[in-house]
Amino acid sequence: MTRGGVTRHEVVILGAGMSGLCMAVQLRRAGIEDLVILEKQPGLGGTWWDNRYPGAHVDVPAPVYSFSFAPNPDWQRRFASAPEIQAYMQKVAERFGVLPHIRFGERVVHAMFDTDRGRWQIATEQGERLDARFFVCSTGPLSQPRWPDIDGLDRFTGRRLHSARWEVNADLSGQRVAVIGTGSTASQLVAPIARQAERLHVFQRTANWVMPRLDRRYNGVDRWLARQPVWARVVRAAWVAALEMGRRGFDEGTFARRAMLATAARHLQRQVADPRLREMLRPPYPLGCKRIIYSNDFYPALTRPNVELVTDPIRRITPTGIVTDDGRERPIDTLVCATGFDTVHLLASLSVTGLGGRTLRQAWAEGPAAYRGITVPGFPNFFLMLGPNTATGHTSTLLFIEPGVDHAIACMQAVRSGRHRWVQVREAIFRQHNDELQRRLAGSVWAQCRSWYRMDSNGRVVALFPGYTREYVRGLRRGDMADYEFA
Ligand code: NAP
């Protein structure tokens, strides 16, 4: 309904990625139809729309990278490619009637809670104004590309690409290319670029742990079996259990950790024959502190004659190349920045104002924090999806999204059925939850290096959940509304 140029909705969702889509599907199933998704891009998929670099794929097995309510028997490979995942999401949106609820090309810039009316006032850069009882931010931590802070970046006159803003038809054949970064993303794009480019320089600041990827193509029999509901459920459950066991590998002294260390060492030994290159690729931090890379073609790509791994630090970027600390300049035509995302300034591109005029930026001065990654005191009727401390280093993020969505909807239903104006998490519960998380994280492997899980300024691990998936799920399923206060 539109009144005075303001469109009213029960729920406004920001972002049409996995979590926004899941939220919309489950809201509709719960009977809440009056919802809109605002998506800044022209298509849905979130990170799978943004990350269209060559070789992009998911690094967890596809059977657990689909929603429990929408299994996909059509996966072509165990580790599905970005276009396949985006197509799956499109199908889910069509099948569950979400497409008509999405408004593409709308970038939210401002959201303010009207205390008297118990409603969110939301404005987009395109001039839309919306009024909603509930506001869901499902942008996730991996949405804001981070460019490297290197002198001269802006003066480079060749083509400059970020992995998360790829030019889909970018042709690198016959070019001199530099890739900055050797994280999960770089490990996927280096091999395809190496096959195209005349010369590829890979600039590594920190070597990472790389494990074999147990990939395989799914054949007709696999796809037939995947159509049998009981089989599909068993396969999914088996993968969930197997990945969950991998969580043990992050704890010092466990058998799982010893096995993972041995596997990684063997992988490097087998794939890189040159002892000098092997030494350059040895990680200087404990396994698991940064995201583990699963790749079969990253190391071999670095051994190609047209590829050079550069470990001398970058001093500056010139209009036509990159100069390292030893004074050498490598001329390049295309610069690829696989330098990740700004994960600590969550929602920095919009201003969110809650009770008493306090902004989210003020509330998060020490770093983002939320109760179970979903609710923040002082910001009523506001829900984060894949919010602070919900990332995982061992399993599928979808296993965190689904219970998070259920929890947020339970809060919304409690407001609706109790005829309340709003719900917010109790301050004391929020503090207790985050103090406990930070206590556990401070002694964990994730506190032992610099990574996107962590604030540079104060060392807080703000992105990662330290426990097993079942612990996160159990915490939410308790569904204890006593943790919340209603107005
Ligand atoms: P990332 O893990 O943050 O890696 C960024 C890389 O850029 C690192 O190697 C970093 O070096 C380097 N870097 C950053 N600034 C630099 C500078 N100024 N000079 C030199 N090097 C610099 O980012 P990402 O690889 O994009 O991955 C982010 C996350 O996205 C992953 O951890 C993963 O969760 C997700 N992802 C998932 C998939 C999937 O399959 N599901 C695929 C790709 C990405 P340092 O290590 O020294 O900082």
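**Notebook: salt bridges in a predicted model**

I began with Arg 155 and Asp 151, whose side chains meet in a salt bridge, with 3.5 Å from N to O. The model I am reading is predicted. I noted that side chains of opposite charge can pair when their charged atoms come close. Asp 151 has a relative accessible area of 46%, so I entered this residue as partly exposed.

Next I looked up Arg 315, which forms a salt bridge with Asp 325; their closest N and O atoms are 3.7 Å apart. This pair links distant parts of the chain, 10 residues apart. I found Arg 315 in strand β14 (residues 314–317), and Asp 325 in the loop between β15 (321–324) and β16 (329–331). Both partners went down as partly exposed: Arg 315 has 41% relative accessibility, and Asp 325 has 39%.

I then turned to Asp 131 and Arg 119. Their salt bridge brings the closest N and O atoms to 2.3 Å. Asp 131 belongs to strand β7 (residues 129–137) and Arg 119 to strand β6 (residues 119–124), so this salt bridge ties together parts that are 12 residues apart in sequence. Are Asp 131 and Arg 119 buried or exposed? I recorded both residues as buried.

I also asked which residues are linked with Asp 131 and Arg 119 in a network of salt bridges. The network joins these two with Arg 8, Asp 114 and Arg 117.

Last, I entered the total: the count comes to 32 salt bridges, when a side-chain nitrogen of Lys or Arg must lie within 4 Å of a carboxyl oxygen of Asp or Glu.

Technical notes: Residues numbered from 1 in each chain as written. Predicted model: local features only at pLDDT ≥ 70, side-chain atom pairs only at ≥ 80, totals over all residues. Heavy atoms only, no water. Helix = DSSP H or I, 4+ residues; strand = E, 2+ residues; numbered from the N terminus. Buried < 20%, exposed > 50% of the residue type's maximum accessible area, 1.4 Å probe, protein only.
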